[in-house]
Amino acid sequence: MSLVENSLSLVPEPKRRKIAPIKIRIKLSPPSSSKCDHWFVHHGICISCNATIDKTEGRSLDHIDKGIQMSQKGLTFTKRAISQISWLEKKKLHLVLDLDHTLLHTVPTSRLCESDKYLIEEAGSRSDLWRFDKPFPSENLIKLRPFVHEFLKEASEMFSMYVYTKGGYDYAKLVLELIDPEKVYFGDRVITNRESPGKKTLDLVMADERGTVIVDDKRSVWPDHKSNLLQIAKYFYFRSNEDVVKSKRTFLYDVEGKKGDESDVNGPLASVLRILKEVHKGFFSGKIEEKLDSVDVRPLLLAPSLRSKRKAQVLV
Ligand SMILES: [Mg+2]
Ligand SMILES: [Zn+2]
C-alpha cells in the first residue's frame, strides 16, 4: 500500500472509491523509500519503512485512530487530502463548535440564585433542560441554547462538524447524547481536554485550515487560529448567586417570575448560521476545482459586511 492510500484510509470507504477521477492538487509528495521521513506511524512503527519511531516525534492523533502518529508533513498532506475531497465531492467545509456558552449553559444547582431554583423542578419535563449528578462532582443543570437543533441540522448540510471543548470527555459524551444521540452530526469527531489539555488548536482537526471555521465564545483559547474564528456572544441562561452580587448581566423574567430566553430566529446562533451560509457560498462561488490552491475561508470571515454583522448581531 502506498503512503497516499494510507493517508486516505482515514476517509470513509465510499469516498475513497470515487477518488480516481478527481485531481487533488497537493504540492507535497510522500517520502521516497530511500529516505523515509516517517509521515505516518502506527503504534510506534513507521508504516512506510517499519522503523521504530519515538513517541515524541510528530503529533499523536489518538482521537482519530488509536495509536496513529503523524509528522508535520504527513499531517499537512492528510488534512489537505481530506479537505479537497470534501470540497470537491460534497461541497462541505469543516466547522469546529465549542460547547459551553456556545451551544448550551451548564451550572451547578448549588450556585443557582433563589429566583432560578424553580428550574430544578422543571428539568426533565422540558425538552431543553436537564438535571444530572454524573459525571459532575455535584448536581448540575444543562440548558440548550435556543435554535441549537435547527442550527446543527442546517450547518451539517454545509460542514463536517467537530465538537471541541475544554471540558472533560465524560461531560462531552453526556452533552452529545443530548444534542446528537444518533451521532449523525459529529460522529466521533469530538476533542476534549483529554486530547487537548492546553490551548485549542486546529492541528488536531483533520482538515485544511483554509476550509475550517470555528464558532466559540472565547477568543483567547485559540491563540494560533483567530482568523478562523467566528466569535459568538456568550450564552447565559442560569443566574447564579455571583451574578446577583455583581449584577453584571441582565436576566429577563416575566410577570410570573419565569425566565426569558434568547430569540430562536434572531438570536446569536441564527446570526452565526446566516454568516456560515455566506461563507460557504463565497467559498464555493465559481469553479472550486480551479481555485483549490487559493480558496480560503479566512478572508471571507473578515469581509466588511460580515464584520459589521458580527458586531451587530453576533457579539450582542
Ligand atoms: Mg465556551
Ligand atoms: Zn519511515
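# A tour starting from strand β11

Select β11 first: both of its faces are covered, with T212, I214 and D216 buried on one side and V213 and V215 buried on the other. That makes five buried residues out of five, so the strand is mostly covered. In a regular strand the side chains alternate between the two faces of the sheet. Bear in mind as you click around that this is a predicted model.

**The parallel sheet**

Now bring in the neighbours of β11. On one flank is β5, residues 93–97, paired with β11 in the parallel sense over four bridges. Show L95 as sticks and look across to β11, where V213 stands opposite. On the other flank, β11 (residues 212–216) pairs with β12, again parallel, over three bridges. Here you can pick out two cross-strand positions: I214 faces L229 of β12, and D216 stands opposite Q231 of β12.

Widen the selection to the whole sheet. In what order do its five strands run? Reading across, you get β10-β9-β5-β11-β12, an open sheet with parallel pairing. Strands β10 (190–191) and β12 (229–231) are the edges, each pairing on one side only.

**Into the core**

Stay with V213 and display its contacts. Leaving aside residues up to four places away in sequence, V213 touches L93, L95, N228, L230, L276, V279, V297 and L301. V213 is also one of the residues to highlight in the largest nonpolar core, which has 62 residues; L95, V213 and L230 have the most contacts inside it. Next, colour helix α8, residues 268–283: this helix supplies six residues, the largest share of the core. Where does this core lie relative to domain 1 and domain 2? It lies between them, because domain 1 (3–89) and domain 2 (94–314) both give residues to it.

**Along helix α3**

Select residues 72–90 next. This is helix α3, with 19 residues, and the distance from its first C-alpha to its last is 26 Å, close to the 27 Å expected at 1.5 Å a residue. Colour it by burial and you'll find a list of buried residues: G74, L75, F77, T78, K79, R80, A81, I82, S83, Q84, S86 and W87. Then step past the end of the helix to K91, which follows α3 and has a positive phi, near 55°.

**The antiparallel sheet**

Jump to the other sheet on this tour. Four strands make it up, in the order β2-β1-β4-β3, and it is open with antiparallel pairing. Its edge strands are β2 and β3 (59–60), each pairing on one side only. Zoom in on β1 and β2: they run antiparallel and are joined by two bridges. For a landmark, select H42, which stands opposite I45 in β2.

**Backbone oddities in the loops**

While you're there, pick H43, in the loop between β1 (40–42) and β2 (45–46). Its phi is positive, about 45°, although H43 is not a glycine. Is H43 buried or exposed? H43 is exposed, since there are 10 other C-beta atoms within 10 Å and a residue counts as exposed at 12 or fewer.

Then go to K183, in the loop between α6 (169–179) and β10. Here too phi is positive in a residue other than glycine, with a value near 60°. K183 counts as exposed because it has 12 C-beta neighbours inside 10 Å.

For one more loop stop, select P135, between β7 (129–132) and β8 (140–144). Which form does the peptide bond from K134 to P135 take? It is cis, with omega near 5°.

**Zooming out**

Finally, show the entire protein chain as a cartoon. You should see ten helices and twelve strands. Switch to colouring by burial: of the 316 residues, 34% count as buried. If you turn on a contact map, consider the contacts between residues at least 6 apart in sequence: 68% of them join residues at least 24 apart. The pair you met at the start, L95 in β5 and V213 in β11, makes a good place to end, as these two stand opposite each other.

Note on methods: Residues numbered from 1 in each chain as written. Chains lettered and ligands numbered in written order. Predicted model: local features only at pLDDT ≥ 70, side-chain atom pairs only at ≥ 80, totals over all residues. Pairing = 2+ DSSP bridges. Buried ≥ 20, exposed ≤ 12 C-beta atoms within 10 Å, placed from the backbone. Contact = placed C-beta atoms within 7 Å. Core = buried A, V, L, I, M, F, W, Y, C linked by C-beta atoms within 7 Å. Domains from an automatic or database assignment. Expected span 1.5 Å × (residues − 1).
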